Amino acid sequence: MSAALEEVLNSHRTGRPVVMGVLNVTPDSFSDGGKFYDPASAVAQALRMVAEGADIIDVGAESTRPGSERVPADEQIARLEPVLPEVAKLGVLVSIDTTRAEVAEFALAAGARIINDVSAGRDDPRMFALAASSGAALVLMHMLGEPKSMQLDPRYEDVVREIRDFLAERLAAAEAAGVPRSRCIVDPGIGFGKRLEHNLALLAGAEAFCRLGVPVLYGPSRKRFIGEITGEEVPTNRLGGTLAACLAAYRRGATIFRVHDVAPLVQALAVARAIEQ
Ligand code: HH2
């Protein structure tokens, strides 16, 4: 395993913040759909995020915004083919944001080292086996149902307890399939079948997820809950709220943050870490 990946997987022990830059090679993502659909602009954006201090570039070819339709695996691969190998050549850690083992397999062969599975291994029964045999790290995220219907009427009795129990169960399932816990990362899934009050509880409750003993990742970047609090309708104008959400979770022990705007978060986390130390 590379030293860079080891640092990420140890971040919950060291407190070192890790910034994961989002690269959506999609025509329809909620905040940047179409912007990096062209391969040259996608690679240029990856280069920019690396220069800004991103530790990981998370490449995705399927939007999972509320209401979105599935993108077949071969279409995801066709979108990734001209981009992902070039991003891996930059020497940065690459993660693949997909729920399909076929897509993850392509990405790992092209140099990705992390599988970011927003279904936590529930969409494709082959995903855990692939993570086990490849030695990749694995992000297990909570989502209520599927993107098409997840925001229709999300309900929880105790959102933090239920999602912590879900993540504990998925960690155990991954482990049973041969993926060591030491290679797993958990994510409560901000915005994936959650109302405002749920998202706030999940951010305030980061310590509960940290007690699972693996690094905790949050992806609040530009999401709707920030607009609900502030009235800001335009996702790209939600940077201030994104920073506040990441810093609140960092103070409570989370260490990995998936964002579209890398430079401001790298700076914010450096200052937050200096204060905490
Ligand atoms: N959020 C999105 C996509 N992937 N992965 C993890 N682990 N955590 C997240 O919170 C997360 C994620 C959605 O954001 P984005 O990629 O910007 O939008 P879209 O799904 O429309 O492409």
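In this predicted model, helix H6 spans residues 101-109, and its buried residues are Ala 101, Val 103, Ala 104, Phe 106, Ala 107 and Leu 108. The cover over these buried residues includes helix H4 (73-80), helix H5 (84-88), strand S3 (93-97), strand S4 and helix H7 (127-134). After H6 comes Gly 111, a residue whose phi is positive, near 120°.

Strand S4, one of the elements that cover H6, runs over residues 114-117, and two of its residues are worth following in turn. Ile 115, once its neighbours within four places in sequence are left aside, is in contact with Ala 104 and Leu 108, and also with Ile 96, Met 127, Leu 130, Ala 131, Ala 136, Ala 137, Leu 138 and Val 139. Ala 104 and Leu 108 are among the buried residues of H6, and the reader can trace the contacts of Ile 115 from that helix outward.

Asp 117, also in strand S4, is a charged residue in a buried position, and it has no salt bridge, since the nearest side chain of opposite charge, that of Arg 170, is 7.4 Å away, whereas a salt bridge would need a nitrogen within 4 Å of a carboxyl oxygen. A polar atom of the Asp 117 side chain does, however, lie 2.8 Å from the backbone nitrogen of Ser 119. Beyond its neighbours within four places in sequence, Asp 117 is in contact with Thr 98, Thr 99, Met 127, Leu 138, Val 139, Leu 140 and Met 141.

From these local surroundings the view can widen to the nonpolar interior. In soluble globular proteins, nonpolar side chains tend to be buried together. Here the largest nonpolar core has 73 residues, and Ile 115 is one of those with the most contacts inside it, along with Leu 23, Ile 57, Leu 84, Ile 96, Tyr 218 and Phe 257. The element that gives the most to this core is helix H8 (residues 159-176), with seven residues. Apart from this core lies another, of 13 residues, which includes Leu 9, Ile 185, Leu 217 and Ile 256.

The cysteines remain to be considered. A disulfide is a covalent bond between the sulfur atoms of two cysteines, and the count of disulfides in this model is zero. For Cys 184, the closest cysteine sulfur is that of Cys 210, and because it is 15 Å away, it is too far for a bond. Cys 246 likewise has its closest cysteine sulfur in Cys 210, 14 Å away and therefore too far for a bond. Cys 184 is buried, with a relative accessible area of 0%, and Cys 246 counts as buried at 0% relative accessibility.

Notes: Residues numbered from 1 in each chain as written. Predicted model: local features only at pLDDT ≥ 70, side-chain atom pairs only at ≥ 80, totals over all residues. Heavy atoms only, no water. Helix = DSSP H or I, 4+ residues; strand = E, 2+ residues; numbered from the N terminus. Buried < 20%, exposed > 50% of the residue type's maximum accessible area, 1.4 Å probe, protein only. Lys, Arg positive; Asp, Glu negative; His and termini not counted. Polar contact = N/O pair within 3.5 Å; in protein donor to acceptor, adjacent residues only side chain to side chain. Contact = heavy atoms within 4.5 Å. Disulfide = S-S within 2.5 Å. Core = buried A, V, L, I, M, F, W, Y, C linked by side-chain atoms within 4.5 Å.
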